[in-house]
Amino acid sequence: MKRLLLLSTTTGYQAQQFRAAAERMGVPLALATDSCHQLEDAWGDGALSVRFHKPRESSGKIAEFAQHNPIHGVVAIGDAPTMTAAAVARELELPFHPPEAVDLCRNKFLARERYKQAGMRVPWYQRFKVLSDPMVVARAVPYPCVVKPLGLSASRGVIRANDEAGFVAAFTRIVALLQQKDVRILRDESAGWIQVESFIPGREIAVEGLVTDGHVRVLAIFDKPDPLDGPFFEETIYVTPSRLDVSTQNAISECTQQAVTALGLSHGPIHAELRINDEGPWILEVAARPIGGLCAGALQSHWRS
């Protein structure tokens with residue numbers, strides 16, 4: 001039987017859904033998590049203990065395991081394991097997104113650079129060192145704008161600023177966030193930067209897809225009916241099937257494909273966030289992983305119906 005490697009944080013409750021699916025399909029599953037390396041099988045799940053903030057080291061450990069327990073496929077749940085998954089896949093010559101593409105997904109500035117080079121719609125954007133004087137930066141950016149950590153996901157630390165006073169408060173708050181230990185460990189390099197972008201008005205939507213040989217198969221488009229205009233952008237309700245008209249959905253799918261091509265993603269799940277207004281769809285970010293939260297259950301029901 002072909003064995004699947006599942007990489008997930010110990011707090012990633014989605015792993016249970018994947019385990020159940022693997023059991024239904026009769027697929028042996030190997031689990032790698034960021035569990036305690038000093039205790040043998042600390043969580044009682046038989047998982048390999050790795051460090052997702054050290055992907056090269058972790059991939060070597062998994063490759064050693066694979067010498068006696070062949071692995072035929074790789075899936076990463078959440079953002080933290082994606083780079084380790086990419087490194088493992090390359091070492092074992094398995095299909096997955098290239099490490100270089102995964103790295104672009106995890107860096108908002110580099111991703112914006114690729115979108116711009118590909119001729120896609122991008123807002124004004126610039127990154128600033130966390131040690132920058134926020135008062136000086138506040139006088140150099142357009143308003144309204146969005147201030148965000150360079151490497152965090154799921155809208156964590158993303159704040160809208162409408163004026164200089166609001167910008168200084170937002171910048172200072174994000175600097176404090178980036179000093180937290182868990183952030184410094186997971187995002188060593190990008191934790192030193194803050195990105196500022198022009199605010200993109202419009203509705204926010206999400207796209208779930210599978211990429212094969214660089215081609216995106218859209219599984220679902222999720223509407224976000226709540227207005228996400230700031231100052232914070234908490235994730236709330238996702239609705240699928242989308243209520244957008246067919247031409248708009250096609251434009252969203254095309255924009256997602258453009259972004260995937262620009263980033264160099266090639267094989268595996270992707271989760272994209274976009275905004276759409278009168279100018280068309282704008283890509284916010286693409287992650288080399290499946291959707292988080294409870295939305296996977298809704299996606300399953302959607303495909304069964």
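Author: Axes are lines fitted to C-alpha atoms, for helices over the stretch in contact, and angles between N-to-C directions run from 0 to 180 degrees. The model discussed here is predicted.

Reader: With that in hand, at what angle does α5 run to β5?
Author: Helix α5 covers residues 108–117, and strand β5 covers residues 125–129. The helix lies across β5, β6 and β8. Its angle to β5 is about 155°.

Reader: Which helix lies across β5, β6, β7 and β8?
Author: Look at residues 164–178. They form a helix that runs at about 10° to β6. This helix is α7.

Reader: In what order do the strands of the antiparallel sheet of four strands stand?
Author: The sheet is open, and its pairing is antiparallel. The edge strands are β5 (125–129) and β7 (159–161), each pairing on one side only. Direction ignored, neighbouring strands of this sheet are turned by 25° against each other on average. The order is β5-β8-β6-β7.

Reader: Which residue of β8 stands opposite Lys148?
Author: Strand β6 takes in residues 145–149. It pairs with β8 (residues 193–198) in the antiparallel sense, over five bridges. Opposite Lys148 in β8 stands Gln195.

Reader: What is the strand order in the sheet with parallel pairing?
Author: That sheet is open and has four strands. β3 (48–49) and β4 (73–76) each have a single partner strand, so one side of each is left without a neighbour in the sheet. The order is β3-β2-β1-β4.

Reader: Which residue stands opposite Ser49 of β3?
Author: Strand β2 (residues 29–33) and β3 pair in the parallel sense over two bridges. The residue opposite Ser49 is Thr33.

Reader: At what angle does helix α1 run to β2?
Author: Helix α1 spans residues 15–25. It lies across β1 (4–7), β2 and β4. Its angle to β2 is about 165°.

Reader: How far apart are the end C-alpha atoms of α9?
Author: Helix α9 holds 18 residues, 246–263. At 1.5 Å a residue, the expected span is 26 Å. The model agrees, with its end C-alpha atoms apart by 26 Å.

Reader: Which residue follows α9?
Author: Its phi is positive, near 85°. The residue is Gly264.

Reader: Is Cys255 buried or exposed?
Author: Cys255 sits in α9. Elements covering the buried residues of that helix include α4 (99–105), β9 (203–212) and β12 (280–287). The cut-off for buried is under 20% relative accessible area. Because its relative accessibility is 4%, Cys255 counts as buried.

Reader: How many disulfides does the structure have?
Author: A disulfide is a covalent bond between the sulfur atoms of two cysteines. Cys105, at 16% relative accessibility, is buried. The search of the whole structure gives a disulfide count of zero.

Reader: How far is Ala220 from Glu208 in space, C-alpha to C-alpha?
Author: Ala220 belongs to strand β10 (residues 215–223). With a relative accessible area of 4%, it is buried. In sequence, Ala220 and Glu208 are twelve residues apart. In space, C-alpha to C-alpha, the distance is 5.3 Å.

Reader: Which residue does a cis peptide bond join to Thr240?
Author: Omega of this bond is about 0°. The partner lies in the loop between β10 and α9. It is Pro241.

Reader: What is omega for the peptide bond from Tyr143 to Pro144?
Author: Pro144 lies in the loop between α6 (134–138) and β6. The bond from Tyr143 is cis. Its omega is near -5°.

Reader: Is Glu93 buried or exposed?
Author: Glu93 is found in the loop between α3 (82–92) and α4. Its phi is positive, near 60°, and it is not a glycine. At 72% relative accessibility, Glu93 counts as exposed.

Reader: What is the phi of Asp213?
Author: Asp213 is in the loop between β9 and β10. At 73% relative accessibility it is exposed. Although it is not a glycine, its phi is positive, about 50°.

Reader: What share of the residues in the protein chain is buried?
Author: The chain has 305 residues. Its secondary structure comes to ten helices and twelve strands. The chain exposes about 15,000 Å², and carbon and sulfur atoms supply 53% of that area. The buried share of residues is 49%.

Conventions: Residues are numbered from 1 along each chain as its sequence is written. This is a predicted model: local features need pLDDT of at least 70, side-chain atom pairs count only at pLDDT 80 or more; totals for chains, interfaces and linings use all residues. Side-chain values use heavy atoms; hydrogens and water are left out. Buried means under 20% relative accessible area, exposed over 50%, partly exposed in between (1.4 Å probe, protein chains only). Accessible areas come from the Shrake-Rupley method with a 1.4 Å probe; for residues, only the protein chains shown count as cover. Two strands pair if DSSP finds at least two bridges between them. Contact means heavy atoms within 4.5 Å. A disulfide is a pair of cysteine sulfur atoms within 2.5 Å. The expected span of a helix is 1.5 Å times one less than its number of residues.
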